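User: I would like to learn how to read the main features of a protein model. Could you take me through them step by step?

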Amino acid sequence: MDIDAIITLVSGWDGALAVTAADGDGSPALAWGDSFFYYAPDGVMPQRTQPFATIVTKNYPGDDSSRLDRPGVFRLNIDAGRGLAQEHTEDGADPAAPDAFFAHPVYGAAGWISVISPAAVTAEPAKELLHQAYQVARDRYERRNRG
């Protein structure tokens with residue numbers, strides 16, 4: 001499962017918006033090349049809503065334990081919620097190991113789950129977790145925007 005496959009999958013869901021930060025779009029240079037997934041049925045990136053998932057391709061300040069400076073490595077992060085995050089992660093899991101779920105190095109306590117370069121073991125569960133996070137984001141949007 002590569003970055004393009006994840007973007008294509010999520011972009012196919014009704015109202016889902018995939019945004020890849022790039023030079024000239026107003027995003028900070030550090031985010032360029034990283035992707036952010038929102039429920040945004042109007043096709044406009046929400047300004048006050050967190051994404052339901054992200055793909056990061058590099059280390060961030062204070063978040064380098066996944067060693068994203070290795071060639072071809074990326075990290076998929078999903079807002080799975082605390083319950084699902086606990087079901088899919090183990091205490092002490094290596095945040096640099098590929099194809100294994102672990103609590104997000106910074107947002108794990110908030111229910112974010114991560115995986116380095118999802119493959120044989122994690123690809124299908126990651127797709128399910130992504131869809132569940134999308135549904136939660138969609139439901140939240142609909143509750144906030146009821147007439």
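Analyst: The dialogue below treats the sheet, the helices, the pockets and one loop residue in turn. Please bear in mind that this is a predicted model.

User: Let us begin with the sheet. In what order do the strands lie, and is the pairing parallel or antiparallel?

Analyst: A sheet is read by following which strand pairs with which. Here 6 strands form an open sheet in the order β1-β2-β3-β4-β6-β5, and the pairing is antiparallel. The edge strands, each of which pairs on one side only, are β1 (16-20) and β5 (101-103). From one strand to the next, the twist averages 20 degrees.

User: How many bridges join β1 and β2?

Analyst: The antiparallel pairing of β1 with strand β2 (residues 35-39) extends over 5 bridges. One residue pair serves to locate this pairing: S35 in β2 is the bridge partner of T20. Strand β2 also runs antiparallel to β3, to which 3 bridges join it. In that pairing, F36 has T54 of β3 as its bridge partner.

User: Which helices pack on the sheet?

Analyst: For each helix, one asks which strands it touches and at what angle it runs. Helix α1 (residues 3-11) packs on the sheet and touches β1, β2, β3 (53-56) and β4 (75-79). The direction of α1 makes about 150 degrees with that of β1. Helix α3 (residues 123-144) also packs on the sheet, where it touches β1, β2, β3, β4, β5 and β6 (112-116). The direction of α3 makes about 40 degrees with that of β4.

User: Returning to β2, which way do its residues point, and are they buried or exposed?

Analyst: In reading a strand, one assigns each side chain to a side. From β2, S35, F37 and Y39 point one way, while F36 and Y38 point the other way; all are buried. The strand is thus described as mostly covered, with 5 of its 5 residues buried.

User: How does one find the pockets, and what is the volume of the largest pocket?

Analyst: Rolling a probe the size of a water molecule over the atoms shows where empty space is left. The largest pocket has a volume of about 670 Å³. It is lined by 28 residues, of which F36, Y38, Q50, P51 and T54 are the closest to its centre. The elements β2, β3 and β4 each give two or more residues to this lining, and the largest share, 3 residues, comes from β4. By class, the lining of the largest pocket holds 15 nonpolar, 8 polar and 5 charged residues.

User: Which residues are the closest to the centre of the second largest pocket?

Analyst: The second largest pocket has a volume of about 360 Å³. Of its 21 lining residues, T49, Q50, A137, R140 and R144 are the closest to the centre. Both β2 and α3 supply at least two residues of this lining, and α3 provides the largest share, 6 residues. The lining of the second largest pocket divides into 13 nonpolar, 3 polar and 5 charged residues.

User: Finally, where does S66 lie, and why is S66 classed as buried?

Analyst: S66 lies in the loop between β3 and β4. Residues under 20% relative accessible area count as buried. S66 is classed as buried because its relative accessible area is 1%. Leaving aside residues up to four places away in sequence, S66 touches R75, P95, A96, F102, P105 and I116. By contrast, A5 is 61 residues apart from S66 along the chain, and their C-alpha atoms are separated by 21 Å.

How values were computed:
Residues are numbered from 1 along each chain as its sequence is written. This is a predicted model: local features need pLDDT of at least 70, side-chain atom pairs count only at pLDDT 80 or more; totals for chains, interfaces and linings use all residues. Side-chain values use heavy atoms; hydrogens and water are left out. Two strands pair if DSSP finds at least two bridges between them. Helices (H or I, at least four residues) and strands (E, at least two) are DSSP runs, numbered from the N terminus. Axes are lines fitted to C-alpha atoms, for helices over the stretch in contact, and angles run from 0 to 180 degrees between N-to-C directions. Contact means heavy atoms within 4.5 Å. On a 1 Å grid over the protein atoms alone, a cavity is a set of points where a 1.4 Å probe fits but cannot get out, and a pocket is an open set with protein on both sides within 12 Å along at least five of seven lines; lining residues have an atom within 4 Å of a point. Grid points are joined across faces, edges and corners, and a volume is the space filled by probe spheres set on the points. Ala, Val, Leu, Ile, Met, Phe, Trp, Tyr, Cys and Pro count as nonpolar, Asp, Glu, Lys and Arg as charged, and the others, Gly among them, as polar. Buried means under 20% relative accessible area, exposed over 50%, partly exposed in between (1.4 Å probe, protein chains only).
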